[in-house]
Amino acid sequence: MSTATSAAQLIERPATATVLIVDDEDSTRSLCRDVVSDAGLRTRTAATTEQALEILDQAPVDIVITDLRVPQIGGIGLIKKIREMYPQTAVMVLTQYGTIESAVEATRMGAADYITKPFHIPELRSKLDRMVRTFEVDNENRVLRETLRSRPGFAGLIGVSAKMQKVYKLIEKVSQHAYPVLILGESGTGKELVARSIHFSGVRRVKPFVPVDCSALVPTLIEAELFGHVKGAFTGAVHTKQGLMETAETGTLFLDEIGELPTDLQAKLLRAIQEKEIRPVGGTDRVAVASRVIAATNRDLEAMIQKGSFRQDLYFRLNVVQIKLPPLRERKTDIPILVNAFLEKRSAESGRPYQFSEAAMAQILTYDWPGNVRELENAVERATALNSGPVLDLADLPSNVAYTMNQRVPMPDEIMPLEELEKRAILHALHEASGDKLEAAKLLKIGKTTLYRKLKQYDAQKNRLSRQAAGAN
Ligand SMILES: Nc1ncnc2c1ncn2[C@@H]1O[C@H](COP(=O)(O)OP(=O)(O)OP(=O)(O)O)[C@@H](O)[C@H]1O
Ligand SMILES: [Mg+2]
């Protein structure tokens, strides 16, 4: 049996803690910085709380060491903000000699520890050590918590990468308003999920969310679907039917695959959005509509405008705020979290625990996922369907995922290093044997211990490479 690893272990987080030092005195800042970097930790420094908050906003900080008398909002104000916005960041305060009450107040506000100025370096070092140990212990738990946290209002969106954090911020912002949003991104990046999160995080959540797939209907039907029709408007219109724009009330109309909308309908849609009125097909009366419009597409609308297949005025109208979803290959650090979430979902359904082997996980991190999250989710589902677990192996992954280009078996006239040739032969045999190592060893006419040893070696290599790749994200 191969060694299994939890997906969370593979998450690329900095191995060392990042410490932010906030003090307006240059001398204290540089003294603290020396102590912190001597301890092998990453340091950031700020002279004001404003600078500190900027740094906190840019990248995760694990520990903040702050003076209490620091401009502008003071140490206590900073602790409050940190507790509110970055609850996982631990704070140590620096207090002046003789102001123990403020230290008490700071601890009451959530500071983990304090140290009185002037302090001795060994004292700072030992307090820092303690905080770092707590950080290290917390680290894995924290990753797991992040994984499991059901984001209220985010309708199941998973991912903690900086790129996704940006998306969450935008969602939060736009959910409080009614202006149109255009969501762009490759297929399977989560456009519909984002549209739902915008709707369900805002005040409209109690109103309908109405998706319309503009690519799924023939043009005449889209018009009738969107605007409704009166009885007898066309063959088959036996009843008067309300249009989806009206059904959405003051909720959200989600126009999916907007790039597929025929141009004559683009004009009608533009008019409806602008005038907040529609005319049902075959009808004469106008009906008021008030829904918010969110549109999504994986097409390049600007290129379509150039070619004349998408109306520029509609584009301007829809593109008030644009949310661009990153392809999964640009946020590989989120892959282990997604994998974990999908495995847990499958576990909940089947009642069995699942885990990917190290080699499988490493390959999942190496592959580029052109079909993005959808493709990843399908691959996880497939693996759990093929293998009853608990350990899912390389052979349980779709073959295009398990064997990227440089792993295929070479052509007969291809020359490559013997070691590489051997590796490919072994991986190929393993695939042919559906992951059965004994069988693979037989196919290769080698002993099973030799096969195990080689696989272990590849595992180590692969993990190293994929960690580097994910770290580059
Ligand atoms: N960030 C994410 N967290 C969790 N699941 C996600 C995420 N992004 C996408 N998914 C899942 O991936 C699948 C595809 O997502 P969705 O349908 O929203 O993609 P899409 O961008 O609309 O794709 P398409 O362009 O093909 O319609 C869904 O099952 C969705 O739940
Ligand atoms: Mg979609």
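Helices α17 and α18 are oblique to each other, because their angle is neither under 35 degrees (roughly parallel), nor over 145 (roughly antiparallel), nor 65 to 115 (roughly perpendicular). This is a predicted model, in which local features need pLDDT of at least 70, side-chain atom pairs count only at pLDDT 80 or more, and totals for chains, interfaces and linings use all residues. Residues are numbered from 1 along each chain as its sequence is written, and chains are lettered from A and ligands numbered from 1 in the order in which they are written.

**Packing of α17 and α18**
- Helix α17 (residues 418-432) packs against helix α18 (residues 437-444) at an angle of about 125°, and their axes are 8 Å apart.
- The contact (C-beta atoms, placed from the backbone, within 7 Å) is made by A425, I426, A429, L430 and E432 of α17 and by K437, A440, L443 and L444 of α18.

**Helix α13**
- Helix α13 (residues 335-350) has 16 residues and reaches 22 Å from its first C-alpha to its last, close to the 22 Å expected at 1.5 Å a residue (1.5 Å times one less than the number of residues).
- Among the buried residues of α13 (20 or more other C-beta atoms within 10 Å) are I335, F342 and R346.
- G351 follows α13 and has a positive phi, near 75°.

**Residue G110**
- G110 lies in the loop between α4 (100-109) and β5 (113-117).
- G110 counts as partly exposed (between the limit for buried and that for exposed, 12 or fewer), because it has 15 C-beta neighbours inside 10 Å.
- The C-alpha atoms of G110 and P87 are separated by 9.5 Å, and the two residues are 23 residues apart along the chain.

Definitions and conventions. Helix = DSSP H or I, 4+ residues; strand = E, 2+ residues; numbered from the N terminus. Axes fitted to C-alpha atoms, helices over the stretch in contact; angles between N-to-C directions. Contact = placed C-beta atoms within 7 Å.
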